[in-house]
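Hi,

Here's the structure I said I'd pass along. Have a look at it first, and my notes follow underneath.

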Amino acid sequence: MTTHPPLPLRRVLMTSHTRPAPAAGPLDRLLHGDCPPDFLDALHRALARHGFQVATDPGEREEYLDGRLRTLHRALPPAHLLLRDTDRLAAVVAWTAVADPRLCMSVITHTVLCLGSVVRLGADDPSVRSAVEALTSADARGSYLVTEAGRANSHLATRTEAVFDPRDRCFVLSTPDSAAAKFGAVPAGRGRRLAVVLARTIAGERDHGVFPFLADLAGTEGTLPGVDFSPPLELSSLPLTFRLVSFHGVRVPYAAWLRDGATVDAGGTLHDPLGSPEARLRRSLCVGQELWGALPSAAAATARQATVLALRHARARLTQGHLAPGAPLFAYRSQQRALLGALADAFALTCAAARARELLGTASEAGEGNGSRSPGTAFAPWPAVSLPLSAYKAYTVRAAEHVVTECRRRSGWPGLLDVNRLPGYQGFHQAFEPAGGDSRLILYDIGRSLADADPSAPRPARTTDPADPSWWPSVLGDHEDTLARQLRRARDHRARRQHDDFAVWNPLLDAAGELGETYAARLAAEDVHRALEHLAPGTDPPLREALEALGVLSGVRAALRRAGSLLTARTLRPRDLAPLPGLVDSLCDRVLPQLPALEARFGFPDDIAGAP
Ligand SMILES: Cc1cc2nc3c(=O)[nH]c(=O)nc-3n(C[C@H](O)[C@H](O)[C@H](O)COP(=O)(O)OP(=O)(O)OC[C@H]3O[C@@H](n4cnc5c(N)ncnc54)[C@H](O)[C@@H]3O)c2cc1C
């Protein structure tokens with residue numbers, strides 16, 4: 001046995017092509033949306049200008065991320081245009097996630113949430129223009145502070161206050177106690193730091209609900225008076241500088257109130273055209289829509305890239321086991337099932353991401369996110385901002401974590417190396433379970449609202465052939481209906497004996513979460529079926545055949561993973577499941593001949609995703 005690895009392993013994961021094909025055919029559109037090739041080229045060049053750095057020292061890391069963010073912002077259209085263009089925004093989020101998840105999180109916080117709030121809700125006032133310009137060029141760094149650290153579900157009960165002072169028409173920002181300190185990423189180092197701060201807005205002694213304010217936190221001389229930073233809090237799954245931030249009488253000019261058409265008159269009375277604090281909260285959080293429309297693209301992109309890396313590694317790595325000394329790792333069926341299964345899930349995620357972009361585009365055109373839509377929520381305001389998009393957020397991030405974890409486990413020690421990115425991708429998805437709208441709370445609320453809705457109309461009879469791409473979405477549709485029926489029955493049964501919502505729902509939350517998750521999985525499974533139909537006309541037949549096999553493989557493996565729940569609810573019977581393992585193998589065989597073509601389309605350029 002050799003004691004040295006036979007190949008330069010650090011680079012084994014990082015071989016091959018330099019650029020994906022320009023957006024043209026239906027598969028390219030599925031992968032990258034309608035981004036023109038020159039946009040993708042500019043994005044690629046901006047990301048390739050800086051090599052990846054692990055940068056464990058926080059000071060070094062922030063300087064590196066500052067540089068990358070600045071280069072990126074200079075290459076991108078101005079925020080007000082970028083944020084209106086769903087496909088380009090999603091491409092930026094996806095490509096930065098692949099290049100460096102910390103950069104992606106910085107883009108999300110700085111560009112999507114902070115600048116996005118200013119662009120969507122702020123008035124174009126000369127006195128805040130310099131702040132907006134500094135954010136647009138990324139010369140200043142922007143944070144987004146909504147979470148209050150001391151209590152759960154803080155997004156439903158903001159306690160930070162912005163009190164209108166009629167003497168100088170400023171708002172005075174205050175943190176009532178340490179439990180209401182904001183939690184968020186605020187980069188270390190010197191330089192201007194701004195934040196969009198969500199605060200309960202009081203004028204004329206009346207509470208008008210939660211509005212965002214653009215506040216200066218720090219300048220080149222350090223933290224500004226009235227702003228308190230905790231020491232940096234490190235978070236190893238997504239290494240950035242997090243802090244608790246408190247405000248003590250910080251004066252925010254009227255123009256920095258992101259008032260979205262609301263006004264305070266000369267007598268100090270606040271007029272809000274939305275009319276209710278609930279509608280105002282939903283509107284103040286409307287940038288969540290952009291995040292959830294774009295984040296699934298990052299989930300899909302990192303899942304694809306992780307799988308491509310793990311596949312290349314498995315093909316190049318020689319084994320010395322006694323069954324077949326010298327055989328490549330990928331010759332083993334166990335490795336093929338795992339990695340082709342991961343590729344299938346990455347493809348399914350790509351279909352879901354395309355649909356999330358489409359939904360965001362439609363919502364933006366229809367002016368949704370204006371505070372008017374309101375399914376009931378008990379745990380978090382997010383599903384009230386957009387139910388399907390919040391479902392896509394929760395579902396795709398979890399599914400991508402599953403894919404990346406599998407790739408990492410199947411890649412030995414190179415899978416654990418930071419430079420190979422898999423730990424970063426995994427940490428990113430773990431962090432986005434609570435971040436960007438807590439996924440579990442989103443799914444609880446979706447499950448509850450599905451139980452409260454009228455039962456859906458009977459679905460058409462489903463095919464019994466699991467090799468048919470319509471099989472898995474229709475199984476999930478039936479399963480969702482059964483779970484909803486069971487939950488409704490349990491809720492009604494408990495409601496006859498219990499008279500408060502907590503007593504009724506408390507034992508039912510896991511079931512509500514499962515229903516919410518099944519709803520999201522069903523949407524994603526339908527997206528695969530729909531995408532395969534769209535891909536059919538313009539895609540090379542052998543590639544199309546492999547994509548169809550991937551779509552079916554993703555569904556069949558998901559059915560095996562969910563067997564317990566499907567059997568318990570009698571959605572499937574044991575004899576429905578029995579042929580599935582054999583089908584997995586035949587689907588793998590259908591994918592194998594097209595693997596090089598799939599890897600070339602699914603992977604990202606080496607100069608943004610390769611080892612330095
Ligand atoms: C990497 C990262 C970056 C972040 N960046 C920012 C940022 O820039 N700005 C910002 O404002 N915030 C940020 N956050 C905070 C994020 O928004 C919160 O973590 C999230 O809203 C969840 O809140 P929490 O952490 O207080 O968890 P909690 O609300 O305390 O929840 C803890 C657990 O209990 C469950 N739970 C909570 N309430 C209930 C309930 N009523 N019933 C049943 N179960 C419940 C939750 O699902 C969760 O599993 C970030 C978080 C992370 C991890």
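UniProt lists residues 483-608 as "domain: Acyl-CoA oxidase C-terminal", and that comes from an unreviewed entry. In the model, which is a predicted one, this span is 83% helix and 0% strand. The C-alpha atoms at its two ends sit 44 Å apart.

The domain assignment cuts the protein chain its own way: domain 1 covers 142-274 and domain 2 covers 287-606. On the contact between them, domain 1 puts in 7 residues and domain 2 puts in 13. As for spacing, there are 36 Å between the C-alpha centres of domain 1 and domain 2.

Now the interface itself. Domain 1 and domain 2 bury about 760 Å² between them, and 69% of that is on carbon and sulfur atoms. On the side of domain 1 that touches domain 2, the residues split into 4 nonpolar and 3 polar, with no charged ones.

And how many salt bridges does the rule find across the interface of domain 1 and domain 2? The count is 0. Residue pairs in polar contact between domain 1 and domain 2 also come to 0, with both residues required to be at pLDDT 80 or more.

Cheers

How values were computed:
Residues are numbered from 1 along each chain as its sequence is written. This is a predicted model: local features need pLDDT of at least 70, side-chain atom pairs count only at pLDDT 80 or more; totals for chains, interfaces and linings use all residues. Side-chain values use heavy atoms; hydrogens and water are left out. Domain bounds come from an automatic or database domain assignment. Contact means heavy atoms within 4.5 Å. Buried area is the accessible area (1.4 Å probe) that two parts lose on being put together, summed over both. A salt bridge is a side-chain nitrogen of Lys or Arg within 4 Å of a carboxyl oxygen of Asp or Glu. A polar contact is a pair of N or O atoms within 3.5 Å; within protein, one must be able to donate a hydrogen and the other to accept it, and residues adjacent in sequence count only if both atoms are side-chain atoms. Ala, Val, Leu, Ile, Met, Phe, Trp, Tyr, Cys and Pro count as nonpolar, Asp, Glu, Lys and Arg as charged, and the others, Gly among them, as polar. UniProt positions are given in the numbering used here, feature names are shortened, and annotations may be inferred rather than shown by experiment. Helices (H or I, at least four residues) and strands (E, at least two) are DSSP runs, numbered from the N terminus.
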